[in-house]
Amino acid sequence: EDAGAGHLYKFVADAAGDFSSGDLFVYVGPKVGNGTWVQLLNDNPADQNSTISQANAFGATNFAGGEDVEINPLDGSIYVAVKNESRVYRFEDPTPLIGGVVNNFDTYEGGMSYDLNTENGVVTVPWGGGNDNLVFDDLGNLWVCQDGGNNHIWVVNAGHTQANPDVRIFGSSPAGSEPTGMTFTPDFKYFFMSFQHPSGGNNGTSQEDAFQQMK
């Protein structure tokens, strides 16, 4: 839920592929540790129009601008991009088709700076704000598009941890041109993505590339 105090929901359809009815849950718990899915009323328009107030009544966890949720194809862990917290969270959902517990909720990426090896030596780059769209490749690497800031396209390599970071910057677009909507072809040989229009105030002396060099 992309809001200043949004929530994280799980919807389980009554029938596969039919989203007209099903069970709705909201996450209640810490951002480091274990939590639970709490079921909300979702049977009629009155229920559905009170989703946020129901979630607040249960003390649902607030996330400042949740943008994307993706499932790791290799291990089934779930990742959530929260742009205004500058973090990508990760957790495990051992019972995905019902409510139940949420295990090992923590920060997978963000909230710190990372050292990158470049032709100009080691450059320390802050993760920054706006981590937005997520997509996994077939090797389990997580690609992260950033809305705002440096508009970086990050690659978080499989096996990365906050204690032992393993990240790269694939590219950085001009100021204002948010990279978004990345998707891979089924064979993972190509990807497609969108860019918003760059800022009309851009000029050649104020734009840094991905390695903080003026271009």
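Buried means under 20% relative accessible area, exposed means over 50%, and partly exposed lies in between (1.4 Å probe, protein chains only). The exercises below concern a predicted model, in which local features need pLDDT of at least 70 and side-chain atom pairs count only at pLDDT 80 or more, while totals for chains, interfaces and linings use all residues. Residues are numbered from 1 along each chain as its sequence is written, and side-chain values use heavy atoms, with hydrogens and water left out.

**Exercise 1. Salt bridges around Lys83**

Task: Find which residues are linked with Lys83 in a network of salt bridges, and describe their burial.

Solution:
1. A salt bridge is a side-chain nitrogen of Lys or Arg within 4 Å of a carboxyl oxygen of Asp or Glu. The structure holds 5 of them.
2. Asp2 pairs with Lys83, with 3.4 Å between the closest N and O atoms. Asp2 is in the segment before β1 (9-15) and Lys83 is in the loop between β5 (78-82) and β6 (87-92), so named because strands (E, at least two residues) and helices (H or I, at least four) are DSSP runs numbered from the N terminus. The two residues are 81 residues apart.
3. Glu67 also forms a salt bridge with Lys83, and here the closest N and O atoms are 2.9 Å apart. Glu67 belongs to strand β4 (residues 66-71), and 16 residues separate the pair.
4. The network therefore consists of Asp2, Glu67 and Lys83.
5. Lys83 has 16% relative accessibility and counts as buried. Asp2, at 47%, is partly exposed, and Glu67, at 27%, is partly exposed.

**Exercise 2. The partner of Lys10**

Task: State which residue forms a salt bridge with Lys10, and why the pair ties together separate parts of the sequence.

Solution:
1. The partner is Asp93, with 3.0 Å between the closest N and O atoms.
2. Lys10 lies in strand β1, whereas Asp93 lies in the loop between β6 and β7 (101-110), so the pair joins parts 83 residues apart in sequence.
3. Both Lys10 and Asp93 are buried.

**Exercise 3. An open sheet**

Task: Give the strand order of the open sheet of 4 strands, and identify its edges.

Solution:
1. The order is β10-β11-β12-β13, with antiparallel pairing; two strands pair if DSSP finds at least two bridges between them.
2. β10 (131-136) and β13 (167-172) each have a single partner strand, so one side of each has no neighbour in the sheet.
3. From one strand to the next, the twist averages 25 degrees, where axes are lines fitted to C-alpha atoms, for helices over the stretch in contact, and angles between N-to-C directions run from 0 to 180 degrees.
4. Within this order, β11 (residues 142-146) and β12 (residues 152-156) are joined by 4 bridges. Val144 has Trp154 in β12 as its bridge partner.

**Exercise 4. Strands that pair with β7**

Task: Determine how many bridges join β7 to β3 and to β6.

Solution:
1. Strand β3 (residues 33-40) and β7 run antiparallel and share 3 bridges. Gly35 is partnered by Val102 in β7.
2. β6 and β7 run antiparallel with 5 bridges. Arg90 has Asp106 in β7 as its bridge partner.

**Exercise 5. The surroundings of Gln54**

Task: Locate Gln54, decide whether it is buried or exposed, and list what it touches.

Solution:
1. Gln54 is part of helix α2 (residues 51-57).
2. Its relative accessibility is 12%, so Gln54 is buried.
3. Leaving out residues up to four places away in sequence, Gln54 touches Leu40, Leu41 and Asp47, contact meaning heavy atoms within 4.5 Å.
4. A polar atom of the Gln54 side chain lies 2.7 Å from the backbone nitrogen of Leu41.

Notes: A polar contact is a pair of N or O atoms within 3.5 Å; within protein, one must be able to donate a hydrogen and the other to accept it, and residues adjacent in sequence count only if both atoms are side-chain atoms.
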